[in-house]
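Here is a short tour of one protein chain, for someone meeting it for the first time. Have a look at the model, then read on.

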Amino acid sequence: PEPIVESEGATLSRLVDAPERWPFFTVHRVDLGPGANWHGDHAPGVFQQLIVAGGDVELSTNGGSVALGPEASAFIPATMRGGYRLTSVGESTVLAFSVPGPRGGIGHG
């Protein structure tokens with residue numbers, strides 16, 4: 001993992017992120033300390049699958065919030081606007097798989 005951003009007790013790391021060479025998906029890891037917050041979003045036309053690899057987090061969007069853990073992942077639709085927030089209960093790790101839709105991603109508007 002290559003750390004990219006640290007904010008509010010959370011670290012975003014790059015795992016697979018070269019859409020110009022590998023346009024099929026990207027993968028990032030978010031490591032959260034106890035009580036940490038991560039504000040996430042996705043590029044227009046790109047959907048995300050959030051998978052909790054360890055710990056428990058709360059996912060908040062403009063539509064409400066839901067608890068996530070290793071047994072429950074979340075789908076962020078490409079049409080969602082406004083981003084989301086992950087808040088950890090304890091130490092947590094979340095993998096974010098981003099996949100461009102037919103009209104999203106590199107070279108598409």
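## Strand β9 and its partners

Strand β4 (residues 37–40) lies antiparallel to β9, and four bridges link the two. This is a predicted model, where local features need pLDDT of at least 70 and side-chain atom pairs count only at pLDDT 80 or more, while totals for chains, interfaces and linings use all residues. Residues are numbered from 1 along each chain as its sequence is written, and side-chain values use heavy atoms, with hydrogens and water left out. Strands here are DSSP runs of E with at least two residues, and helices are H or I runs with at least four, numbered from the N terminus. Two strands pair if DSSP finds at least two bridges between them.

Across the β4 pairing, histidine 39 sits opposite arginine 85 of β9. Strand β6 (residues 57–61) also runs antiparallel to β9, again with four bridges, and there valine 57 faces serine 88. As for cover, four of the five residues of β9 (residues 84–88) are buried, so the strand is largely enclosed by the rest of the structure. Buried means under 20% relative accessible area, exposed means over 50%, and partly exposed is in between (1.4 Å probe, protein chains only).

## The nonpolar core

Which residues have the most contacts inside the largest nonpolar core? They are Leu32, Leu50, Leu59, Leu86 and Val94, in a core of 18 residues. At least two core residues come from each of β2 (10–16), β3 (26–32), β5 (46–54), β6, β8 (74–76), β9 and β10 (92–100). A core of this kind is a set of buried Ala, Val, Leu, Ile, Met, Phe, Trp, Tyr and Cys residues joined through side-chain atoms within 4.5 Å.

Take leucine 86: setting aside neighbours within four places in sequence, its contacts include Leu32, Trp38, Leu50, Leu59 and Val94. Contact means heavy atoms within 4.5 Å.

## Around aspartate 56 and threonine 87

Aspartate 56 belongs to the loop between β5 and β6. With a relative accessible area of 39%, aspartate 56 is partly exposed. Its C-alpha atom is 5.7 Å from that of valine 89, although the two are 33 residues apart along the chain. Beyond its neighbours within four places in sequence, aspartate 56 also has contacts that include Leu68, Pro70, Thr87 and Ser92.

Threonine 87 is part of strand β9. Not counting residues up to four places away in sequence, threonine 87 touches Ala36, Asn37, Asp56, Val57 and Glu58.

## The six-stranded sheet

Elsewhere, six strands form an open sheet in the order β1-β2-β3-β10-β5-β8, with antiparallel pairing. Its edge strands, β1 (2–7) and β8, each pair on one side only. Inside the sheet, β3 and β10 run antiparallel and share seven bridges. One bridge there matches arginine 29 with leucine 95 of β10.

## The chain overall

How many helices and strands does the chain have? There are zero helices and ten strands. The chain has 109 residues, and 35% of them are buried. Of the contacts between residues at least 6 apart in sequence, 66% join residues at least 24 apart.
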